[in-house]
Amino acid sequence: MATDAPSAASRIAVVTGASSGIGAATARQLASAGYRVVLTARRKDRIEALAEEINAAGHQATAYALDVTDRAAVDEFATAFRTIGVLVNNAGGALGADPVATGDPDDWRRMYETNVLGTLNLTQALLPKLIASGDGTVVVVSSTAGHGTYEGGGGYVAAKHGAHVLAETLRLEIVGQPVRVIEIAPGMVKTDEFALTRFGGDEEKAAKVYQGVAEPLTADDVADTITWAVTRPAHVNVDLLVLRPRAQASNTKVHRES
């Protein structure tokens with residue numbers, strides 16, 4: 001994929017949730033595209049190892065341990081920058097698959113705090129730096145869950161709908177500023193941790209999510225899409241891009257081979 005190198009004023013890209021999955025893959029691909037990536041996540045050892053890998057490949061990366069739900073820590077993190085070019089709000093995730101009637105309120109709260117308030121915290125703290133760059137981009141990694149309900153997904157759907165609405169509203173509110181707001185909404189993505197985390201480490205339940213699906217999306221597929229959207233010319237805004245594997249027609253319609 002041929003792209004222009006990012007300008008010096010906008011060459012820093014902050015990626016949240018960069019310790020695994022989509023976040024780690026996005027950090028690798030943005031680094032390859034010429035960005036100096038700042039990796040944030042709670043697991044310091046993971047992001048430090050990834051930063052070493054990216055730097056060893058001849059690119060630039062820095063690791064910064066950060067909990068996106070800790071507003072004071074986020075505000076302190078933001079003071080390290082005068083300008084940044086890209087913020088990828090990727091930190092999030094799903095917990096549980098219980099019906100609304102029996103869902104765990106603590107799971108719902110944690111999903112909302114990470115997927116919505118975490119995105120809000122980083123976006124508020126870094127928006128002045130994005131504007132100062134003269135060519136900023138906010139990416140919100142939501143989900144097809146934010147655009148369509150399904151049984152057993154109420155808490156996650158609510159959280160990702162919140163992330164979707166945040167992106168949509170922000171785009172309206174800052175029109176005229178030199179900042180794009182991009183939402184990438186992946187469908188079924190098979191990573192090492194997403195389903196396993198959702199089902200509390202139950203490997204059998206996690207495996208059933210992808211059972212019979214020939215080719216779910218990979219983290220690299222989503223990262224490639226994010227990088228493509230970010231590296232479009234500055235006047236081109238990809239408002240919303242929904243990404244699914246060919247085998248998935250909707251959240252509830254999936255072709256599974258016997």
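A salt bridge here is a side-chain nitrogen of Lys or Arg within 4 Å of a carboxyl oxygen of Asp or Glu. By that rule, a search of the whole structure finds six. The tour visits some of them after the sheet.

This is a predicted model: local features need pLDDT of at least 70, side-chain atom pairs count only at pLDDT 80 or more, and totals for chains, interfaces and linings use all residues. Residues are numbered from 1 along each chain as its sequence is written, and side-chain values use heavy atoms, with hydrogens and water left out.

**Stop 1: the sheet**

Switch to a cartoon view. Seven strands form an open sheet, with parallel pairing. Their order is 3-2-1-4-5-6-7. Strands (E, at least two residues) and helices (H or I, at least four) are DSSP runs, numbered from the N terminus. Two strands pair if DSSP finds at least two bridges between them.

Select 60-65 and 240-243. These are strand 3 and strand 7, the edge strands, and each pairs on one side only. From one strand to the next, the twist averages 15 degrees. For such angles, axes are lines fitted to C-alpha atoms (for helices, over the stretch in contact), and values run from 0 to 180 degrees between N-to-C directions.

**Stop 2: strand 1**

Select residues 12-15, which make up strand 1. Are its faces covered or open? Both are covered. I12 and V14 lie on one side, A13 and V15 on the other, and all four are buried. Buried means under 20% relative accessible area, exposed over 50%, and partly exposed in between (1.4 Å probe, protein chains only).

Add strand 2, residues 36-41. Four bridges join strand 2 to strand 1, and the two run parallel. Look for I12 opposite R36. The chain gets from strand 1 to strand 2 through helix 1, in a right-handed β-α-β crossover. Right-handed means that, with the strands pointing away from the viewer, the path from the first strand over the helix to the second runs clockwise.

Now add strand 4, residues 86-89. Strand 1 and strand 4 run parallel, joined by three bridges. A13 has V86 as its bridge partner. V15 stands opposite V88.

**Stop 3: strand 5**

Select 136-141. Six of the six residues in strand 5 are buried. G136, V138 and V140 point one way, while T137, V139 and V141 point the other.

Which strands pair with strand 5? Strand 4 does, in the parallel sense over four bridges. L87 of strand 4 has V138 as its bridge partner. The link from strand 4 to strand 5 runs through helix 4, and this β-α-β crossover is right-handed.

Strand 6 (residues 179-186) also pairs with strand 5 in the parallel sense, over six bridges. Here G136 is partnered by V179. Select helix 5, residues 154-173, to complete the picture: with strand 5 and strand 6, helix 5 makes a right-handed β-α-β unit.

**Stop 4: a salt bridge between helices**

Show the side chains of E53 and R28. Side chains of opposite charge can pair when their charged atoms come close. In the salt bridge of E53 with R28, the closest N and O atoms are 2.6 Å apart. What does the pair tie together? E53 lies in helix 2 (residues 44-56) and R28 in helix 1 (residues 21-32), so the pair ties together parts that are 25 residues apart in sequence. E53 is partly exposed at 40% relative accessible area. R28 is partly exposed at 34%.

**Stop 5: helix 4**

Select 105-133, which is helix 4. Show D106 and R109. Their side chains meet in a salt bridge at 2.7 Å, N to O. The two are three residues apart, so about one helical turn separates them. D106 is partly exposed at 45% relative accessibility. R109 is partly exposed at 44%.

Next, show R110 and D107. This salt bridge is 3.9 Å, N to O. Again the pair is three residues apart in helix 4, about one turn of the helix. Are the two ends buried or exposed? D107 counts as buried, at 17% relative accessibility. R110 counts as partly exposed, at 47%.
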